Amino acid sequence: MKIFGDIGQYLLMLKSMFSKPENNKMYWKEFMHQCSEIGIGSLGIVAIISVFIGAVSTIQTAYQLVSPLIPPSTIAQIVRDTVILEFAPTLVCIVLAGVAGSRIASELGNMRVSEQIDALEIMGINSRAYLIRPKIMAALLMIPLLVVISMVLGIWGGRLAGTMSGIVSGADFDKGLLEYFLPYNVVFALVKAYVFAFIISSVPAFYGYHVEGGALEIGRASTKAVVVSCIMILFSDYVLSALLL
Amino acid sequence: MIEVKNIKKSFGDKIVINDVSATMKAGQCNLIIGASGSGKTVLMKCMVGLFAPDEGDVLYSGQPFTTLDREAKTLVRKEIGMLFQGSALFDSLTVEENVMFPLNMFTSLSHKQKLDRVNEVLNRVNLVDTNRKFPGELSGGMKKRVGIARAIVLNPKYLFCDEPNSGLDPQTSLVIDKLIKEITMEYNITTVVNTHDMNSVMEIGDYIMYMYKGHKEWEGSNKEIIFSKNQRLNDFIFASEFLRDAKDMRMLEERGKIPNDRNMDDMLK
Ligand SMILES: Nc1ncnc2c1ncn2[C@@H]1O[C@H](COP(=O)(O)OP(=O)(O)OP(=O)(O)O)[C@@H](O)[C@H]1O
Ligand SMILES: [Mg+2]
């Protein structure tokens with residue numbers, strides 16, 4: 001039963017987020033701040049996991065393709081498609097749910113517990129609009145960008161692993177990359193990235209904003225935010241794949 | 001003027017505020033006193049609308065507040081300044097940015113004008129050379145003072161202070177009390193202060209409401225409070241040795257042992 005209450009409260013939160021900013025400049029400043037927190041703040045981890053995921057896919061694909069009839073450039077095709085379709089959007093967003101999501105939940109939770117949200121309300125500021133909307137908008141801008149960066153780095157990592165281990169030559173890999181390339185896959189990945197970005201920002205914001213109690217509850221809320229975001233990401237990944245592929 | 005009309009508030013089945021009414025006039029300090037847990041903070045939050053009371057209403061200058069919609073509430077709130085019990089400063093902003101925040105949000109002054117105003121209010125709360133510090137680098141008392149500075153920076157019509165001098169040394173405490181009193185009279189603010197500090201009660205209590213377990217047990221002024229015969233109030237205000245001495249003097253005075261033209265200020269020195 002509690003889940004229905006939560007969903008209702010979540011929708012109400014989203015609805016009350018839309019009000020006229022008290023001051024455009026301050027909202028813009030907050031938006032830019034969140035862009036740098038979410039974008040720049042997560043760039044390092046995204047780069048590292050992307051390169052390794054690409055590298056591992058190359059090696060594992062090669063391991064599974066034992067037939068001499070299959071040309072090595074096929075490895076590049078498979079790596080390209082798995083990275084673009086699944087690894088870059090889904091895996092990166094799951095990691096971001098942990099990195100950016102827990103940050104959003106604990107930042108808001110701390111503001112709630114230390115009465116900073118009350119202080120905003122007392123000043124006559126719509127705290128949901130001022131605190132949550134810039135986070136969601138920044139996520140919608142930055143996370144798809146991070147996903148694109150992850151695609152590039154993932155494929156680059158795959159190529160690097162392939163050439164370094166002698167599985168596939170650079171020329172073969174590059175040839176494979178261009179074979180049977182479907183631009184629609186990139187569009188699909190970006191659709192996923194937008195949906196996941198919304199989940200990663202709004203779900204933790206919900207749990208953080210509605211913390212009750214003290215420091216312990218902030219920790220609980222951010223754990224819960226990450227778990228729920230991850231489940232929602234995987235679920236919507238399935239739904240989107242079923243609908244759009 | 002703020003009128004509190006039959007406010008009731010409970011959390012679960014625990015009644016925290018039970019049918020409290022009061023009239024708090026402009027240009028004076030209205031104190032809510034009571035033991036820890038008696039419901040002072042909850043009452044104050046009901047008054048400003050951070051908690052929705054279960055029953056009753058709060059009138060700001062005659063206008064009912066709790067039933068207003070969000071936008072109308074916002075208009076009233078722009079005239080409210082509030083100091084929270086835990087200061088509630090924005091962690092990510094410096095002292096200067098914290099105090100400037102309401103100015104940035106609601107005024108179109110130039111940066112220079114805003115900075116002047118910020119320094120003016122910081123000076124008033126005796127804070128110098130802290131502009132660039134973050135709240136995490138301040139002592140509890142300094143945070144309180146920044147909180148007050150932020151609450152008064154927009155010249156509010158109603159000022160709420162939740163324990164403005166808990167955690168302050170007696171001297172700073174006095175400075176804060178005097179400051180609150182001064183601005184209250186100077187700008188004809190309706191000031192509401194939660195406290196359990198007896199010094200403040202005697203110093204600035206133009207109107208005092210004593211809360212006991214969620215209801216109003218007594219009301220009056222600082223002229224009347226130590227002469228009250230209310231047992232619970234007596235237990236509360238004469239909890240300290242020093243004040244018990246004062247109470248003994250009162251008894252002596254009543255029995256005519258000391259001349260009763262002796263004024264209360266001398267007695268409390
Ligand atoms: N959000 C809440 N949920 C449930 N109970 C609460 C909540 N806030 C306060 N209470 C309860 O209401 C009662 C009054 O609390 P309140 O904070 O108003 O006390 P207070 O008079 O301000 O005390 P202090 O002087 O220590 O600040 C307490 O028993 C507290 O447990
Ligand atoms: Mg309190």
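A salt bridge is a side-chain nitrogen of Lys or Arg within 4 Å of a carboxyl oxygen of Asp or Glu. In this predicted model, A:Glu37, A:Arg103, A:Glu107 and A:Lys135 are linked in a network of such contacts, and the structure holds 26 salt bridges over all chains. The points below cover these charged pairs, a magnesium site, a nonpolar surface patch, the cysteines and the domains of chain B.

**Salt bridges in chain A**

- Within the network, the side chains of A:Glu107 and A:Arg103 meet at 3.2 Å, taken from N to O.
- Both residues belong to helix H3 of chain A, which covers residues 73-113. They stand four residues apart, about one turn of the helix.
- A:Glu107 counts as partly exposed at 25% relative accessibility, and A:Arg103 is likewise partly exposed, with a relative accessible area of 22%.
- A further salt bridge joins the side chains of A:Asp237 and A:Lys192, with an N to O distance of 2.8 Å.
- Because A:Asp237 lies in helix H8 of chain A and A:Lys192 in helix H7 of chain A, this pair ties together parts that are 45 residues apart in sequence.
- Both A:Asp237 and A:Lys192 are buried.

**A salt bridge in chain B**

- The side chains of B:Glu96 and B:Arg132 form a salt bridge at 3.5 Å, N to O.
- B:Glu96 is part of helix H3 of chain B, whereas B:Arg132 sits in the loop between helix H4 (111-124) and helix H5 (140-152) of chain B, so the pair ties together parts that are 36 residues apart in sequence.
- The two partners fall into opposite accessibility classes: B:Glu96 is buried, at 10% relative accessibility, and B:Arg132 is exposed, with a relative accessible area of 63%.

**Magnesium site**

- The magnesium ion (ligand 2) is coordinated by OG1 of B:Thr41 and OE1 of B:Gln85, at 1.9 to 2.3 Å.
- B:Thr41 is in helix H1 (residues 40-48) of chain B, and B:Gln85 is in the loop between strand E6 (80-83) and helix H3 (95-106) of chain B; the pair therefore ties together parts that are 44 residues apart in sequence.
- Both coordinating residues are partly exposed: B:Thr41 has a relative accessible area of 21%, and B:Gln85 has one of 33%.

**Nonpolar surface patch**

- A nonpolar patch on the surface of chain A is formed by A:Leu182, A:Tyr184, A:Val187, A:Val191, A:Phe235, A:Tyr238, A:Val239, A:Leu243, A:Leu244 and A:Leu245, with about 1000 Å² of accessible area together.
- The elements that give two or more residues to this patch are helix H7 (183-209) and helix H8 (215-244) of chain A.
- Helix H8 of chain A supplies the largest share, five residues.
- A:Leu244 is found in helix H8 of chain A and counts as partly exposed, at 33% relative accessibility.

**Cysteines**

- A search of the whole structure finds zero disulfides over all chains.
- The sulfur of A:Cys35 is 16 Å from the closest cysteine sulfur, in A:Cys93, and this is too far for a bond, given that a disulfide requires sulfur atoms within 2.5 Å.
- For B:Cys46, the closest cysteine sulfur is that of B:Cys161, at 18 Å, which is also too far for a bond.
- A:Cys35 counts as buried at 7% relative accessibility, as does B:Cys46 at 0%.

**Domains of chain B**

- The domain assignment divides chain B into domain 1 (2-229) and domain 2 (238-269).
- The centres of these two domains, taken over C-alpha atoms, are separated by 31 Å.

Technical notes:
Residues are numbered from 1 along each chain as its sequence is written. Chains are lettered from A and ligands numbered from 1 in the order in which they are written. This is a predicted model: local features need pLDDT of at least 70, side-chain atom pairs count only at pLDDT 80 or more; totals for chains, interfaces and linings use all residues. Side-chain values use heavy atoms; hydrogens and water are left out. Buried means under 20% relative accessible area, exposed over 50%, partly exposed in between (1.4 Å probe, protein chains only). Patches are made of residues with over 30% relative accessible area and no salt bridge: like charges are joined within 9 Å, nonpolar side chains (Val, Leu, Ile, Met, Phe, Trp, Tyr) within 5 Å. Accessible areas come from the Shrake-Rupley method with a 1.4 Å probe; for residues, only the protein chains shown count as cover. Donors are N, O and S atoms within 2.8 Å of the metal (3.2 Å for Na, K and Ca); water is not among the atoms, so sites may look incomplete. Domain bounds come from an automatic or database domain assignment.
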